[in-house]
Amino acid sequence: MGVLHPLALNNRGQVERIEERCRSSYTCLVCEEVMIARRGEVRAWHFAHKNVTNCVGGEGELHKIAWRTIALGIKSAIAGDRDYPVTFGCPGGHPTEFSIPNHSTVKTNKQVLPPLRGDVSVLDTDGKLVLAVEIVVTHDLDPKALAIYRRSNTLVLKYAPKWATVGELRNGLRGEVVVDRWRCHECLQKAERERIAVENKAKREVEERETARIESERIAENKRIEDEKLIQGPSWKDVIVAGVVVAAVVGENLLTEKPKPKRKSKPKPKKARKSSVGNKKGYAPRKRS
Ligand SMILES: [Zn+2]
Ligand SMILES: [Zn+2]
């Protein structure tokens, strides 16, 4: 006999639960045939089709009841200027709420992203898809549909309804996010912070490498100059400069002044460097060339 319908559409176009007032006339959310409220004492309360029908409350009917209830819930919330809370855990694990923009339009079973026929599609005033809801009853979302949704970068939620709880969809949806590329505000901020941190780290590393390179070049250059001096001995210019310094300074000052002439001699070997790059043996090859 199938499942006993807990929901029906009342004459004001709202989804009603069997536990509620039940003073309206009803139609089936699935087949739109007339239904009557059965609130007896033997069986659980339910809506029953007035006439014989093949709408027996199977999986297909649960699927349709779920998406119609969501769509009607969103529409009546928009019309009544109320909230229809849509909550889910974002892929980053943050409990997230999506608020449906004012004046959105809701489409059901329409090719909003052709050829994909979405269960519930919420479009903003510019006609942009901002929320898609897929009802999964027997099987998970089709990989092709998933690929289309992923390309669109829309917030896509899936919802697995049950007959006992499908009525909750009138007032809000607690779904499960499908497209893992979608990020909540908090996730986006976190990603931005991480991106900046990575960028800064890379910048620092480049700077450090450059500093190290300059430093090692400086050390190598100093060493080369020292080596050249050892081979060559002091130049006649060095001797003259040293002599001048000796003449100018007395006694103990001589030792502290000693590095000074060395520094003065720096420009001269520097010129020689270009022709003897990579040659640690000093001036010998230069003389040959
Ligand atoms: Zn029906
Ligand atoms: Zn998040």
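**A walk through the fold**

Of the chain's 289 residues, 22% count as buried. The model is predicted. The chain carries eight helices and 13 strands. Among contacts with a separation of 6 or more, 51% link residues that lie 24 or more positions apart.

Start with the five-stranded sheet. This sheet is open, its pairing is mixed, and its strand order is β8-β9-β10-β11-β13. β8 and β13 (176-177) stand at the edges with a single partner strand each, so one side of each has no neighbour in the sheet. Helix α1 packs on this sheet and touches β8, β9, β10 (129-135) and β11. The direction of α1 makes about 130 degrees with that of β8.

Strands of a sheet pair through backbone hydrogen bonds, in either a parallel or an antiparallel sense. Now cross the sheet strand by strand. Strand β8 (residues 105-113) runs antiparallel to strand β9 (residues 116-123), and six bridges join them. The two strands form a hairpin with two residues between them. L113 stands opposite L116 of β9.

Next comes the step from β9 to β10. These strands are also antiparallel, joined by four bridges. They too form a hairpin, here with five residues between the strands. In its turn, G127 has a positive phi of about 80 degrees. V122 stands opposite L131 in β10. Strand β10 is mostly covered, with five of its seven residues buried.

The pairing sense then switches. β10 and β11 are parallel and share five bridges. Here V133 stands opposite L157 in β11. At the far end, strand β11 (residues 155-159) pairs with β13 in the antiparallel sense over two bridges. K158 stands opposite E176 in β13.

A second open sheet has three strands. Its order is β7-β6-β12, with mixed pairing. β7 (95-98) and β12 are the edge strands, each paired on one side only. Strands β6 and β7 run antiparallel, joined by four bridges. The bridge partner of V86 in β7 is F98.

What lies in the loop between β12 (173-174) and β13? G175 does. This glycine counts as buried because 23 other C-beta atoms lie within 10 Å, against a cut-off of 20 or more. Leaving out residues up to four places away in sequence, G175 touches V86, F88, V133, L157, K158 and Y159. V86 is the residue bridged to F98 of β7, while V133 and L157 are the facing pair of β10 and β11. G175 and I135 are 40 residues apart along the chain, and their C-alpha atoms are separated by 9.6 Å.

Turn to the helices. Helix α1 (residues 59-79) has 21 residues. From first C-alpha to last it reaches 30 Å, close to the 30 Å expected at 1.5 Å a residue. Its buried residues are E61, L62, K64, I65, A66, W67, R68, T69, I70, A71, G73 and I74. That list includes the charged residues E61, K64 and R68. Just after α1, D81 takes a positive phi of about 55 degrees.

Which residues touch the most other members of the largest nonpolar core? They are A8, L29, A66, I70, V120, V133 and L157, out of 41 residues in this core. β1 (7-9), α1, β6 (86-89), β9, β10 and β11 each supply at least two core residues. α1 gives the most, with seven residues. The core also draws at least three residues from each of domain 1 (1-57) and domain 2 (59-183). I70 shows the contacts in detail. Not counting residues up to four places away in sequence, I70 touches V120, V133, L169 and L173.

Helix α3 is a separate case. It spans residues 185-232 and has 48 residues. Its reach from first C-alpha to last is 70 Å, close to the 70 Å expected at 1.5 Å a residue. How many of its 48 residues are buried? The count is zero, and α3 is hardly covered. Helix α1, by comparison, packs on the five-stranded sheet and supplies seven residues to the largest nonpolar core.

Conventions. Residues numbered from 1 in each chain as written. Chains lettered and ligands numbered in written order. Predicted model: local features only at pLDDT ≥ 70, side-chain atom pairs only at ≥ 80, totals over all residues. Expected span 1.5 Å × (residues − 1). Buried ≥ 20, exposed ≤ 12 C-beta atoms within 10 Å, placed from the backbone. Contact = placed C-beta atoms within 7 Å. Pairing = 2+ DSSP bridges. Axes fitted to C-alpha atoms, helices over the stretch in contact; angles between N-to-C directions. Core = buried A, V, L, I, M, F, W, Y, C linked by C-beta atoms within 7 Å. Domains from an automatic or database assignment.
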